[in-house]
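Hi,

Here is the structure I promised to pass on. Have a look at it first, and my notes follow underneath.

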Amino acid sequence: MDKNAQEEQTNLEDEKQFLISVEDTLSTVEKNIHKFIKDVPQTLVNSGLDIDLDKLNIDDGQKDLVSLFPKSLTDEINKEEKEKISVLELKCEQLHSQLQQQIDKNKKAQEEIEYLREQILNQSTYCATLGAVLGNLTWRASRLPEIVDVWLSGFQHMIGEFLSITDGSFVAFINTYQNAFPPTCNVEYQFIIGLLGIVTNISATPEGREFLITDPNGRALVQKMVKLMPTLPLSQGSLSLKRLMLMIFYNVSMNKTGLQHLFESRVGDVLNCYLKNNSLPDETQFLCLRVLQSMTYGLTNPKYIQDLITTLPISKIEDIATSNKNEMSTVAKQVIKQLRDSQKFIRLT
């Protein structure tokens, strides 16, 4: 092979090698470009460039919008805004004025309410005082049996209304002062005690207790007394009411219908409660024994006899009977004797 041919062969091999090198370089560049293209979006996100571009676009858009409005239109918009603000301020002033007027009206109404409340309190005190005075006067007048006879002969409907008033007033008084009674000089206390005193005197006559227990209002009143008596406070102020109520029970027990009503109302539970309470004075327990003395006299109904035997504190009554309390011991002995005598009617059934 001549020299020229060798040189040509050498050049071809060098060119081939160069092309291979270029191909490798291009392949590497292509890979790097692909990788760059793939990584560019995430790089832009991380760098915040898109946010900056959006901000630039917004700012440019606002500038463009502002540039679109002429100065006269901008002034017109500002004027409309000022007018709207003025209207709102006026409405606020009107609402504030209305609010102040309403506050003044409410204040005036509150003053009127306080005035009326004071007037009602004064009127209530006046009525209670008047009721206490008239009640006590009538109470004293009703001590005469002939006065009660006149009432029952010509004014039975009014006596029925009176018993209804007494019932409502008594319940209201107990509910109001259930924890502690007011002083005995209190006009409300005097009013209630006057009413019960009148009922006591009515029940002291045969015709009166017959009317009391057959009239619906009177029967309801006796039942309320039996129900509420155990709830009365133990204060000294309640003793006068308890005395009158026990006297009413005693008077009613002397009437056959009244005695049955007392048994059905379970008056024995009340007497048991009072006899077992050693804090009560002897007078109260003595009145309880008097009621039992009347209730057990000639008692033949086995149901009522058994009820008393299982309810009453027999041992306490026996202790009183053996004590040296004169009349109280005598009454207790009679109660024990009558209970024992009546037990034969239980054995006969």
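Which residue's side chain does Glu-114 meet in a salt bridge? The partner is Arg-117, with 2.8 Å from N to O. Both residues sit in helix α3, and because they are 3 residues apart there, about one helical turn separates them. Across the whole structure, the search turned up 9 salt bridges. Do keep in mind that this is a predicted model.

Next, the pocket. The largest one has a volume of about 340 Å³, and 14 residues line it. If you want to find it on screen, go to Thr-138, Met-158, Phe-162, Leu-195 and Ile-198, which are the lining residues nearest its centre. Three helices each give two or more residues to that lining: α3 (71-141), α5 (156-176) and α6 (187-203). The top contributor is α5, with 5 residues. As for chemistry, the lining of this pocket comes out at 10 nonpolar, 3 polar and 1 charged residues.

Last, a helix pair. Helix α7 covers residues 206-214 and helix α8 covers residues 216-228. They pack at an angle of about 85 degrees, and their axes are 4 Å apart. An angle from 65 to 115 degrees counts as roughly perpendicular, so that is how α7 and α8 lie to each other. On the α7 side, the contact is made by Leu-212, Ile-213 and Thr-214, while α8 brings Pro-216, Gly-218, Arg-219 and Val-222. Sorted by class, the residues of this contact are 4 nonpolar, 2 polar and 1 charged.

Cheers

Definitions and conventions. Residues are numbered from 1 along each chain as its sequence is written. This is a predicted model: local features need pLDDT of at least 70, side-chain atom pairs count only at pLDDT 80 or more; totals for chains, interfaces and linings use all residues. Side-chain values use heavy atoms; hydrogens and water are left out. Axes are lines fitted to C-alpha atoms, for helices over the stretch in contact, and angles run from 0 to 180 degrees between N-to-C directions. Angles under 35 degrees count as roughly parallel, over 145 as roughly antiparallel, 65 to 115 as roughly perpendicular and the rest as oblique. Contact means heavy atoms within 4.5 Å. Ala, Val, Leu, Ile, Met, Phe, Trp, Tyr, Cys and Pro count as nonpolar, Asp, Glu, Lys and Arg as charged, and the others, Gly among them, as polar. On a 1 Å grid over the protein atoms alone, a cavity is a set of points where a 1.4 Å probe fits but cannot get out, and a pocket is an open set with protein on both sides within 12 Å along at least five of seven lines; lining residues have an atom within 4 Å of a point. Grid points are joined across faces, edges and corners, and a volume is the space filled by probe spheres set on the points. A salt bridge is a side-chain nitrogen of Lys or Arg within 4 Å of a carboxyl oxygen of Asp or Glu.
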